[in-house]
Structures are given as C-alpha cells and as structure tokens.
Amino acid sequence: MSGEILTVRDLVVHRGNVPVLALPALGVRAGSVLALVGPNGSGKTTLLQTLAGLLEPRSGVVALAGEPLDSRGARAAYRKRVTLVFQEPLLFDTTVRANVESGLKLRRLGAADRAARLADVARRFGIAHLLDRSARKLSGGEAQRTSLARAFALKPEILFLDEPFSALDAPTREALIDDLARTLQETRTTAVLATHDQLEAMRLADTMAVLREGRIVQSGRVAEVINHPADELVAAFVGMETVLEGIVTSCVRGVLTVTVAGRDVQALGEARPGETVLFGVRPENVTLALEPGRDTSARNSFRGAVVRLAPRGPILKVDIDCGFFLTAIVTVRSAEDLALQPGREVVASFKATAVHVIRRFPPACG
Amino acid sequence: MRRIYAVLATVVLALATCAVLGTHAPAAAAENTLILATTTSTQDSGLLDVLIPIFEKKTGCFVKTIAVGSGQAMAMGQRGEADVLLVHSPAAEETFVADGFGLARRLVMHNDFIIVGPGADPARIRGTPSAAEAFVKIAASRALFLSRGDNSGTHAQEQRLWKAAGIEAEGQSWYQQTGLGMGQTLNVAAEKKGYTLADRGTYLALRSSLGLEILGEGDPALANIYHVIEVNAERFPKANAAAAKAFADFMVSEEVQTIIGTFGVETFGSPLFFPDAGKPE
Amino acid sequence: MDLIWEGIKRALHLLLTLDREVLGITILSLRVSLLATFISLVAGIGAALLLALNRFPGRRLAIALVNTGMGFPPVVVGLVVTIVLWRNGPLGFLELLYTPTAIVVAQAIIATPIIAGVSLAALQQLPADLRLQILALGASRAQMLWLIVREARLPLLAAVMAGFGGVISEVGAAIMVGGNIKGYTRVLTTATVMETSKGNFDIAIALSVILLLLAFAVNALLTHVQQRNRQR
C-alpha cells in the first residue's frame with residue numbers, strides 16, 4: 001500500500017473564538033477513500049473545509065505529500081490541487097458545460113484540454129446530453145452530477161465530498177453512488193467523504209473515522225469500525241440497528257449468556273455474571289427462515305413475528321418481534337421467497353460472533 | 001454574454017471620462033473664476049444671461065452666478081464664499097459694508113416693487129398712494145397675503161413696509177410665508193388669489209400666466225435699488241479681488257448701463273430696470 | 001392640460017432642432033449622472049462585498065448605516081458637501097464648489113448607499129457556501145469576487161438602475177453644490193426648477209419630458225440586458 005498523501009498533526013480549529021475541532025493525528029493514504037462519519041455538529045464539515053484549505057487552523061499542521069499548508073500562499077496553491085463538492089450543487093448561473101469547465105478555466109487550462117476532460121466527466125456522470133442546458137433547469141440529481149463532474153474534471157489530487165447525496169431522494173442517490181464509486185475506483189482518486197449514512201461509507205470508503213464533538217473517537221478499516229464500535233454512541237451511530245440491554249447470566253470460556261426479555265442470547269466476550277450490558281447485532285448478520293435451520297453455527301435462533309418492512313433501495317429492512325426487537329436486512333428476492341409481510345412468523349438466527357457486547361462499566365471479567 | 005458587459009462597461013467608462021475631462025470649463029484656471037452671488041430676480045429676469053457673456057468675453061474671466069436671495073448672497077459674502085454681490089437690500093447692505101465684509105458698494109440700477117393681487121381687490125387697496133397704508137388695509141380686511149419669507153431683498157422690503165404700517169403681520173392666519181423665490185411666490189399668490197409684494201421685473205416677465213393685477217405702485221418707499229459690492233479681499237485672501245473690481249466696474253460702465261436701460265423693452269414694452277450708476281443714493 | 005401638451009410639443013421641437021443649450025444641459029445631466037453612478041457602483045458593490053463576505057466587529061452597525069444612507073435626504077448631502085467644499089472649508093483648496101465635479105461628488109455620495117444596500121441584499125441572496133465553492137475550485141481571491149459579482153449580476157443591474165434613477169432625478173444637492181450655472185453646471189433638474197420659477201412652464205415641461213425620456217432610455221437598456229440574461 002502506498003504512503004499517506006495527506007497528513008494532519010495536532011490540528012486545532014476555531015469558529016469565531018470557539019474551538020470546534022481538535023485532532024492529534026489523521027492520515028489519508030494515496031488512492032484510498034476515507035469516510036468521516038458523525039452526527040450533525042460533530043465537526044465533519046469543519047474538518048473537511050480545513051483539509052481542503054478553506055479554513056485556517058488555529059494551530060497544527062495539514063500537509064499534502066509532506067508540504068505543509070503554513071501560509072496563505074501555500075493554501076491558495078494547494079486549493080488548485082484539490083477540490084471540494086458540497087451538499088448543495090452550488091452551480092453557477094450559466095450552462096452545464098460552462099459549469100463543468102469553470103474550475104478548469106480558473107486553473108487556466110487550454111481549450112483543447114478542457115474539451116477532452118469535459119467529454120470524459122460528462123460520460124462518467126451521464127450528463128453529456130445536458131451540456132447546453134441552463135444549470136437552473138436541472139433536477140436535483142442532475143445538478144449534483146454536474147457538480148461532481150466539475151470536481152472530477154479538475155483531476156484533483158484529493159477530492160473532498162461533504163455529504164453530497166444527503167439532499168437527494170433514495171433512487172437518485174443509489175444511482176449516483178454507483179457512478180461515484182466506479183469513477184473513484186477507475187480514476188484512483190484519493191477522497192475524503194463526510195457522511196452520516198453508514199451504507200454510503202460502506203460502499204465508497206476504505207477507512208472510516210468517527211467524529212464526535214470535534215474529536216475522532218474511532219478510526220480504522222470500515223468493517224473494523226462497524227463490527228467493533230468502540231462505545232455505544234459509535235455503535236448507535238455506525239448503524240448498529242439492534243442495540244439491546246441485557247443481564248449477563250454466565251461467562252464461560254469467553255462465551256457469554258445474556259438474558260433479554262426472558263430469552264437467552266449467546267455472545268462472545270468478557271463480562272461478569274449479573275452485569276448489565278448493551279449489545280448490538282448488525283442487521284446484515286441476521287438471517288431469516290421459515291423453520292429453525294440446520295445451520296448449527298448460528299447459536300442464536302428466535303421465533304418471532306414480522307412487525308414492519310421498510311424498503312431501502314435494493315434491500316429490505318425487516319423488524320421482527322421475538323420478545324425483543326431484532327432488525328434484519330434481506331434482499332427483495334428472498335423477501336419474496338419467504339413471503340414476508342407484517343404478522344408473518346419467521347425464525348431469526350445469528351451467530352454468537354455477530355453479537356457485539358459493549359460494557360457500560362468496563363472493569364475486567366471476574 | 002461576457003462581451004455585453006465589457007461593451008457596457010466601456011461605454012459607461014468612456015462617457016464618464018468625457019464628463020471629467022470634457023466639461024468645457026473656462027474655469028480651469030481658478031484665479032480666473034469669479035463667484036457672483038446675486039438675487040433670483042436678476043437671474044429670472046434674464047438680464048444676467050445678456051450681461052455675463054459680454055463680461056466673460058471682455059475679461060476672459062469665468063463667472064459662476066449663484067442666484068439666491070439677497071440675504072443668502074450676503075451670508076456667502078460674509079463667509080468669503082463669493083467675490084462680488086449684486087443685491088437689493090439696502091439696509092442689510094449698509095451693515096454688511098459697515099462690518100467690514102464688503103468694499104466699494106456702488107449703485108447700479110433700480111426698478112420698483114409693486115403690490116399685486118387679484119383683480120377683485122378684496123382689501124380695496126387700488127389707488128392707495130402710500131404702500132404702508134395699503135398694507136394697513138390688507139391687514140384690516142384680513143385678506144390673504146403671501147410673503148417670500150426667505151430673507152431676500154424683497155422680503156426685507158416687505159418687512160420694512162409692515163413696520164412702517166405698524167402691523168405685526170407674522171403669525172397672523174392671513175399672512176403666509178412661501179419660502180420660495182419671487183416667481184414661485186407670484187404663482188402661489190395667483191393660485192390662492194392673495195396679495196404679494198413683487199419686483200416689477202419678475203412680475204412683468206410672468207404677467208401673462210398669472211392673472212394678478214398691479215394694485216399698488218409709485219410710492220418712493222417701493223423703490224427696489226440694486227448695488228454691486230466687492231467682497232473685502234483683505235479679510236478673505238481667497239477672494240478674487242481683481243475680477244470682482246472688474247465686474248463692479250463693468251456693471252457701472254456706460255455700455256452696461258445702456259443695455260440695462262433697454263433690456264426688456266422689446267419683450268415687455270417697457271424696460272425692467274432703470275440704470276442709476278453715478279447717481280446720488 | 002393645454003400646458004402639458006404645449007410642453008410636449010416644445011420638448012419635441014427643442015429636441016428635433018437640436019437646441020444647443022438644451023442639448024448641452026441634457027448631455028451634462030447624462031454625463032454627470034453616469035459618472036456618479038459608475039463611481040457609486042464601484043464603491044457600493046465594493047462595500048456590499050465587504051459586508052456580505054466578511055465577519056468583523058462593527059459589521060451590523062455598518063449595515064445599519066448603509067440602510068440608513070439609502071434614505072438619506074439629498075439636500076442634506078448637498079449641504080454637507082457645500083460646506084466641505086467651500087473655498088474656506090476643509091477641502092476648499094480643491095476649488096470644486098460650483099463645478100460639475102462637485103455635482104458628481106454629491107450624487108455619488110447619494111447613490112453609493114443605495115447601490116450598496118441593493119447590492120448587499122442581492123449578494124446575501126446567494127448561497128452562503130458559494131464563496132467557499134469558488135475557492136475550492138481553485139479561484140484566487142480576485143477571481144472569487146468577480147464570480148460572486150457575476151452570479152448576482154441581474155439583481156446588481158437593478159442596483160444600477162436604482163442608483164442612476166436616484167441621481168438623474170436629484171435636484172436639491174445639484175443646485176446647492178453646482179449653483180445652476182448656465183452652460184456649466186445647469187442640469188435638467190435644476191434648469192426645470194429655474195424655468196418653473198421664471199414661469200416658463202412650457203420649457204419646464206419640455207425639460208421634464210427630456211428627463212423622463214433619458215431615465216426611461218437608460219432603464220430600458222438595462223432592463224433589456226437583464227431580461228435577456230434571465231431568459232437564457
């Protein structure tokens with residue numbers, strides 16, 4: 001794996017006189033995509049704008065390929081090497097073509113180069129047929145495609161994306177995420193994406209950093225963060241759909257038995273019997289069947305009734321009442337096979353390894 | 001589209017540049033500029049439009065004529081903001097000179113004030129020889145009287161007449177102050193069918209559109225005398241003393257006095273002003 | 001009504017025969033007002049950009065002052081400019097009183113807050129992040145300001161119209177600082193006042209008609225540019 005293209009050390013950023021961001025260290029590897037996740041107000045946008053050279057940090061260093069942005073001039077030069085896509089498309093009141101070319105003109109690229117890059121990004125984002133249209137007459141999705149095309153036309157060394165899909169409806173968002181994922185991969189663009197949607201992060205990012213109140217509370221590979229949330233807030237935020245509270249009844253050789261609503265759930269972990277713990281089950285780790293399966297590796301198997309079906313793009317989110325609520329994710333296809341509908345009785349199974357136990361008071365297992 | 005803005009901007013800039021550079025200002029040399037503070041009556045009559053070009057041609061001096069009331073003209077003189085005055089408020093002029101603001105006050109011309117009013121003459125002043133007596137009648141009948149109220153020479157003259165009549169007109173319901181110039185005050189009087197005191201020149205110039213009649217004239221107290229006064233350059237070093245003297249000399253010169261005597265005859269059938277230069281006060 | 005009809009006929013006559021004095025007055029009015037508008041445009045849009053894009057102590061006060069300035073009585077401006085430009089006043093050495101330049105100065109002071117106020121409103125209509133987006137595309141500060149102004153160009157044209165309309169029709173300050181000197185500082189408005197006071201109502205109406213035509217022509221031109229852009 002190549003080295004870090006963007007490095008951050010001891011960064012402190014203020015808004016007015018209020019410190020809003022404090023990062024001891026952060027790095028982005030060349031060619032990788034980093035997702036910054038966190039609730040609103042956690043500092044994602046501030047961090048992104050600081051990394052993009054738009055905000056001046058109170059102290060600390062942001063460096064691109066080892067060159068620190070330590071002056072106005074350095075930041076201005078840096079801004080010609082990276083770019084940022086905002087939540088709103090922020091297009092100019094002119095044609096789509098002029099919008100896509102606008103950054104290239106600002107960077108004083110010749111007409112021939114501009115035309116070549118325009119053709120390339122217009123094809124990638126499917127806006128070739130819109131080039132002569134006024135940017136005012138675009139739908140939300142078309143406008144955000146134009147904004148992304150404008151950014152990719154610059155061939156930025158790092159692309160910053162600030163929740164670029166959050167203003168779009170679900171089908172538009174799904175199609176655009178596909179195009180963005182493909183383009184990121186094909187162009188091997190280094191990117192930093194702020195989002196509060198963990199599915200977006202899973203589909204686009206390699207690594208993930210969770211921000212809360214201006215600090216990074218956890219970072220690592222996306223799967224690592226999602227499957228091993230550091231605390232309950234991370235768990236809740238990275239999309240652990242089922243977070244339950246139970247009492248540990250036994251702890252035998254790393255296998256815990258936790259009683260929830262009169263039912264026993266087996267999990268891997270360490271805790272004292274009698275201790276109250278939180279635990280999470282990721283919905284994609286819950287499988288549904290009509291009868292108890294022969295799959296012996298799933299230690300947990302509960303009979304329950306479907307409460308609710310919620311479509312989420314190509315998948316369905318299913319809530320099941322089995323004394324406690326469990327959430328599962330199934331494909332539309334298997335939902336049809338199981339004839340899922342509210343009231344339908346099913347068996348929900350998940351492995352002990354899929355249960356992530358979060359101890360509220362972390363003293364060691366006795 | 002960007003081109004349109006470029007063209008627009010260029011046009012505006014070009015026009016703008018013309019405005020600064022292209023003003024046909026003979027005033028380029030400041031020492032050759034003369035500020036003449038005078039009364040609206042001399043400007044409104046059109047007399048200055050005839051005299052000023054002659055003076056400018058003769059001397060190469062550019063005259064800035066600021067037409068205001070006699071009161072304001074003298075106030076400008078007192079601050080050194082004018083070089084020469086052509087005014088008609090003798091009592092104030094004497095104070096002005098006595099206080100050291102002006103030099104060489106010279107008689108130029110006169111015409112006369114007249115009392116005008118509606119033909120119906122509700123105060124029955126027609127034929128009253130004394131102006132003060134006519135004012136007494138107006139006050140007694142509480143007929144509407146319009147005053148300039150602007151400290152002009154005409155206003156000063158009017159206040160003198162009220163004083164002579166022994167009447168405190170100000171504050172009375174029938175006594176209204178316009179605060180406007182002579183021409184506009186005459187128009188207000190015509191609209192409201194009121195009396196007013198006017199200089200003959202302005203009245204004659206406007207007569208056709210007014211419908212007001214001359215109801216009182218001929219009293220020596222109604223003389224409207226114009227003097228030219230050079231502002232004291234010793235007090236105000238920035239005053240253009242040479243040009244001021246040249247203008248004052250010009251106004252009392254034989255050539256100008258002749259023009260004054262004939263000005264207006266062609267249009268109104270009688271002169272608007274009577275030349276007085278050299279005559280005793 | 002006869003008078004107005006006579007005035008219109010007189011106006012046409014004066015225009016068609018290219019009466020030298022009227023032509024001079026008209027051209028001077030146009031020049032003075034255009035220059036004043038241009039100066040106000042630079043100063044007003046500059047001030048609006050400063051106020052719209054920056055946060056600094058006293059900004060709210062400055063905005064309040066601009067908004068007050070939009071309704072500033074022209075005669076007060078005229079009076080203050082007169083006192084300052086008096087030859088014994090603080091800027092008397094410039095010898096500007098009773099010159100066309102003095103009218104330009106007074107009119108620019110009158111129009112600047114108008115243009116600044118309307119421009120500020122226009123700039124504040126733009127998305128808050130647009131400035132950052134432009135910088136993120138690699139713009140220098142000057143390029144950013146230019147693109148911001150270009151984005152607000154249609155409402156900014158309205159600001160120009162408001163400013164020009166304010167100064168070409170202004171009379172109080174023009175007569176005070178210009179002095180209504182024949183052939184030098186006599187503009188359409190001051191000439192109209194003078195002709196009215198002389199009782200030459202037909203000429204006064206003729207001058208008014210010319211003033212209206214002028215204001216209309218300039219605004220029609222700007223409106224045309226504005227609407228053409230909007231339809232694109």
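Which residues make up domain 1 and domain 2 in the domain assignment of chain B? Keep that in mind while you read these notes, and remember that you're looking at a predicted model.

1. **Chain B, two domains.** Here's the answer to the opening question: domain 1 of chain B takes in 24-111 + 223-275, and domain 2 covers 112-222. So that you can picture the layout, the centres of domain 1 and domain 2 of chain B are 26 Å apart, taken over C-alpha atoms. Where they touch, domain 1 of chain B puts in 21 residues and domain 2 of chain B puts in 19 residues.

2. **The domain 1 side of that contact.** Look for α2 (40-45), α4 (70-78), α5 (90-98), β4 (102-117) and β9 (223-231) of chain B: these are the elements that give two or more residues to the side of domain 1 that touches domain 2. The top contributor is α2(B), with four residues. Sorted by class, this side of domain 1 of chain B has seven nonpolar residues, 13 polar and one charged.

3. **Chain A, also assigned domains.** For chain A, the assignment gives domain 1 as 4-233 and domain 2 as 240-359. Their centres, again taken over C-alpha atoms, are 36 Å apart.

4. **A residue to click on in chain A.** Try A:A339, which sits in the loop between α10 (332-337) and β19 (345-350) of chain A. Its phi is near 50°, a positive value in a residue other than glycine. Is A:A339 buried or exposed? Count the neighbours: 9 other C-beta atoms lie within 10 Å, and a residue with 12 or fewer counts as exposed, so A:A339 is exposed.

5. **Where chain A meets chain C.** This contact involves 18 residues of chain A and 14 residues of chain C. On the chain A side, α2 (72-79), β6 (82-85) and α3 (96-106) each supply at least two residues. Of the elements there, α3(A) gives the most, with three residues. By class, the chain A side that touches chain C has eight nonpolar, five polar and five charged residues.

6. **Chain C overall.** Scroll along chain C and you'll go from helix to helix: there are 11 helices and zero strands. Its C-alpha trace spans about 65 × 50 × 25 Å along the principal axes. Chain C has 232 residues, and 52% of them count as buried. Among its contacts with a separation of 6 or more, 76% are between residues 24 or more positions apart.

7. **A helix pair in chain C.** Two packed helices are described by the angle between their axes and the distance between the axes. Helix α4 (residues 74-85) and helix α5 (residues 100-125) of chain C have axes that come within 10 Å and cross at roughly 135°. Angles over 145 degrees would count as roughly antiparallel, and α4(C) and α5(C) are therefore oblique to each other. Their crossing is right-handed.

8. **What fills that crossing.** From α4(C), the residues C:P74, C:V77, C:G78, C:V81 and C:L85 meet C:A102, C:V105, C:A106, C:I109 and C:I110 of α5(C). Sorted by class, this contact has nine nonpolar residues, one polar and no charged ones.

9. **The loop between those helices.** One more residue to find is C:Y98, in the loop between α4 and α5 of chain C. Phi of C:Y98 is near 60°, a positive value in a residue other than glycine. With 26 other C-beta atoms within 10 Å, and 20 or more being enough to count as buried, C:Y98 is buried.

Notes: Residues are numbered from 1 along each chain as its sequence is written. Chains are lettered from A and ligands numbered from 1 in the order in which they are written. This is a predicted model: local features need pLDDT of at least 70, side-chain atom pairs count only at pLDDT 80 or more; totals for chains, interfaces and linings use all residues. Two residues are in contact if their C-beta atoms, placed from the backbone, lie within 7 Å. Ala, Val, Leu, Ile, Met, Phe, Trp, Tyr, Cys and Pro count as nonpolar, Asp, Glu, Lys and Arg as charged, and the others, Gly among them, as polar. Axes are lines fitted to C-alpha atoms, for helices over the stretch in contact, and angles run from 0 to 180 degrees between N-to-C directions. Angles under 35 degrees count as roughly parallel, over 145 as roughly antiparallel, 65 to 115 as roughly perpendicular and the rest as oblique. A crossing is left-handed if the near helix is turned anticlockwise from the far one by less than a right angle, and right-handed if clockwise.
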